[in-house]
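Reader: I would like to learn how to read cavities and helix packing in a model. Could you take me through a case?

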2 protein chains.
Amino acid sequence: MPLQEHMRLISVDDHVVEHPQVWTDRLPAALRERGPRVIDAKDGMLDLNGKPLRSGSQAWMFDDKIFPTIALNAVAGKAHEDYSWEPYRFEDVRRGCWDPVARLADFDQDGIYGSLAFPTFPGFAGAKFITLTQDRELALACVQAYNDFMLDEWCAADPDRFIPMVILPLWDVEASVKEVKRTAAKGAKALSVPDSPAPLGLPSYYTDHWDPLLAVVEEAGLPLCKHFGTSGTSRSSRQVSPETPETVMISLAGCLSMFALADLLQSPVLHKFPRLKVAMSEGGIGWIPYLLERMDHVWARHRHYETNVNQTVSPSELFQRNVWGCFIDDEIGIKLRHDIGLSRITWECDYPHSDTNWPNARAAAAKQLQDVPDDEVHQIVELNARTLLNLPAPVVAR
Amino acid sequence: MPLQEHMRLISVDDHVVEHPQVWTDRLPAALRERGPRVIDAKDGMLDLNGKPLRSGSQAWMFDDKIFPTIALNAVAGKAHEDYSWEPYRFEDVRRGCWDPVARLADFDQDGIYGSLAFPTFPGFAGAKFITLTQDRELALACVQAYNDFMLDEWCAADPDRFIPMVILPLWDVEASVKEVKRTAAKGAKALSVPDSPAPLGLPSYYTDHWDPLLAVVEEAGLPLCKHFGTSGTSRSSRQVSPETPETVMISLAGCLSMFALADLLQSPVLHKFPRLKVAMSEGGIGWIPYLLERMDHVWARHRHYETNVNQTVSPSELFQRNVWGCFIDDEIGIKLRHDIGLSRITWECDYPHSDTNWPNARAAAAKQLQDVPDDEVHQIVELNARTLLNLPAPVVAR
């Protein structure tokens with residue numbers, strides 16, 4: 001069996017569902033009433049888009065706006081037939097969504113060792129704090145409260161297995177530099193950033209705006225994790241037409257990562273910061289060889305009239321040096337692993353989201369990797385993640 | 001050599017650049033002054049987006065709006081270093097762009113036999129006539145004039161080698177049915193339609209709006225050709241940020257086809273019309289196995305709460321029965337040809353656009369196919385296109 005007992009699965013994409021006290025426990029008294037807090041939905045309440053809340057469900061309130069909870073963000077353990085977008089109450093979702101000790105027990109049951117978790121309420125890269133309030137004092141306090149929760153509470157439940165990832169106050173480069181230094185000193189191992197800054201209204205990678213931050217990030221060796229859908233470009237199928245099923249846009253989520261990767265690899269970023277590490281989170285990997293071939297093709301033909309494109313190094317060369325991808329179910333990606341680059345592939349569980357295979361994630365990985373040589377399997381499920389995240393070498397006990 | 005002399009290359013995606021008299025020659029006198037006609041750009045003239053025209057270039061005028069010509073749409077024979085977006089004059093582009101006899105000579109020079117060509121000024125699927133005028137009498141006359149040009153002039157230059165494809169007055173289903181019947185009687189072999197109707201503001205595939213048209217199309221056996229970028233969803237890089245190079249969005253053109261394919265395969269269309277033929281034009285093929293795997297995965301998990309998704313047939317099954325893809329340069333796609341389905345793959349030249357390999361298109365195809373068995377090569381470059389387009393069996397002269 002290529003996936004063997006001594007190989008420890010490290011998931012580079014899971015999700016923490018913040019419990020109701022994450023911000024109320026940490027924000028200063030003056031900000032607490034405007035920071036994120038959980039309320040009970042009542043008849044007549046409308047969310048920030050004017051849609052009625054489901055009475056009896058819980059919702060988040062932040063700076064006078066109401067955000068419904070979304071059950072699809074917390075479906076671990078449910079049958080596929082029971083998947084739903086409906087809002088929920090915390091007591092109705094699996095405890096491992098929001099309790100780190102229960103999460104570890106769930107991981108133990110499935111033979112999963114390590115886990116890197118993205119935020120839920122703030123957005124996977126904290127974009128809500130960037131785009132939904134102009135109150136920068138409040139926003140900065142919310143970012144720091146989330147990061148302290150991640151470092152001091154979630155990961156403290158098992159510092160060897162939970163890998164701390166933090167978010168940044170990206171409306172302010174100087175404040176972001178400070179937050180990188182503050183959290184790195186407390187043990188942060190990764191940064192969750194929007195998959196592309198420009199669509200959020202922030203300066204693009206084709207400016208020098210981000211250079212002071214990227215210099216510090218490169219020096220600290222912390223990977224930038226770019227979860228798909230974090231730059232505000234994702235659309236609901238219902239925005240295409242009222243009848244278009246959500247399955248259409250869910251099946252196209254990888255296109256968001258394709259945009260983010262094309263945006264990054266054609267920018268000056270990896271030329272200016274050649275040791276920067278970038279993880280494309282949850283986008284799948286089966287499309288990567290196609291896109292690299294296509295980007296190199298376009299680079300060969302069209303770079304001549306675009307002075308802001310590097311004229312000597314092709315996009316695929318940068319990918320092989322600086323970027324990692326990850327997969328859950330991706331038979332084509334595994335088949336193409338040498339076209340992607342064996343050192344570029346990591347594994348993810350996506351607990352507790354709808355793509356997860358938990359509680360059968362280890363079995364699903366073993367099945368997909370059954371025809372792959374043992375050493376390659378070890379690299380894919382564990383060793384590449386250790387390189388990406390600067391984790392210690394594995395304890396091999398055969 | 002797997003690509004042999006007797007195998008005739010049939011390109012399922014080329015582009016005709018309409019000469020200046022296409023509409024003025026054909027529109028009734030009362031409409032001629034509002035139909036498309038070519039003007040000389042002069043200082044101070046602005047295009048429909050308010051951008052100044054390049055003095056000395058030529059532009060199209062239609063219903064009081066001015067549209068610049070785009071040199072990237074007519075670069076056949078230019079060095080990559082000379083590619084440009086700048087507007088042009090007809091005498092400055094290669095004659096094969098707009099003259100069918102010159103086009104045949106160019107094809108002869110490169111060993112290309114057959115060609116299916118999309119319109120340029122009307123939009124690849126005629127969307128300009130759908131979205132840019134409310135004058136339906138004018139729009140219908142423009143659609144019919146283009147179709148008559150394609151049937152009576154362009155393809156008449158060699159009816160065996162030019163394969164007539166027409167556009168439809170899609171704002172009116174009944175008028176579209178009539179135009180299918182009218183043009184099929186004159187020899188039309190294919191229909192160019194938007195890659196998805198909903199983003200153009202037309203009813204989606206999830207309604208029964210299109211059923212009368214699709215029933216006639218299925219009965220006639222004419223393929224629907226869906227060129228990427230024809231539903232109005234393509235964005236310029238400059239819309240992402242002013243500094244983002246065009247190479248970014250050009251390299252992502254395949255994502256437009258991914259959307260179109262996901263939209264179609266999850267809709268009721270191919271369940272209601274099981275013999276309908278659909279060609280995904282110019283989107284490449286290397287991404288198809290990834291997307292089929294992803295769609296089936298999402299279908300397995302998320303169809304239960306979407307009543308407008310067929311609950312028993314997966315998207316990939318429909319692809320294998322009803323859809324064709326095509327490629328120009330796509331080593332990954334060729335490698336994955338059995339995952340795509342050998343019968344699903346066709347070849348394209350893309351003359352005279354920037355992706356074309358002309359005048360070395362046959363050599364480029366031969367190189368990509370050098371490790372593919374002879375019979376598979378013949379299927380890919382010629383036989384599948386004959387099946388798709390209902391062309392006669394090949395004259396094999398070995």
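Reader: How many nonpolar, polar and charged residues are in the lining of the largest cavity?

Author: Bear in mind that this is a predicted model. Sorting a lining by class shows what kinds of side chain border the space. Here the largest cavity has seven charged residues in its lining, along with five nonpolar and four polar ones.

Reader: How many cavities of 30 Å³ or more does the structure hold, and about how much space lies in the largest?

Author: There are eight cavities of 30 Å³ or more. The largest contains about 180 Å³ of space.

Reader: Which residues lie nearest the centre of the largest cavity?

Author: Of the 16 lining residues, those nearest the centre are A:Tyr290 and A:Arg294 from chain A, with B:Gly284, B:Asp329 and B:Asp355 from chain B.

Reader: Which element gives the most to the lining of the largest cavity?

Author: Helix H11 of chain A does, with four residues. H11 (288-302) of chain A and strand S11 (323-327) of chain B each supply at least two lining residues.

Reader: Now the helices. At what angle do H11 and H12 of chain B pack?

Author: Begin with the angle and the axis distance, then look at the contacts. H11 (residues 288-302) and H12 (residues 315-322) of chain B pack at about 140°, and their axes are 8 Å apart. H11(B) is therefore oblique to H12(B), since only angles over 145 degrees count as roughly antiparallel.

Reader: Which residues of H11(B) and H12(B) meet?

Author: From H11(B) come B:Ile288, B:Leu292, B:Met295, B:Asp296 and B:Trp299; they meet B:Pro315, B:Ser316, B:Phe319 and B:Gln320 of H12(B). By class, this contact has six nonpolar, two polar and one charged residues.

How values were computed: Residues numbered from 1 in each chain as written. Chains lettered and ligands numbered in written order. Predicted model: local features only at pLDDT ≥ 70, side-chain atom pairs only at ≥ 80, totals over all residues. Heavy atoms only, no water. 1 Å grid on protein atoms, 1.4 Å probe; cavity = no way out; pocket = protein on both sides within 12 Å on 5 of 7 lines; lining within 4 Å. Points joined across faces, edges and corners; volume = space filled by probe spheres on them. Nonpolar A, V, L, I, M, F, W, Y, C, P; charged D, E, K, R; others polar. Axes fitted to C-alpha atoms, helices over the stretch in contact; angles between N-to-C directions. Parallel < 35°, antiparallel > 145°, perpendicular 65-115°, else oblique. Contact = heavy atoms within 4.5 Å.
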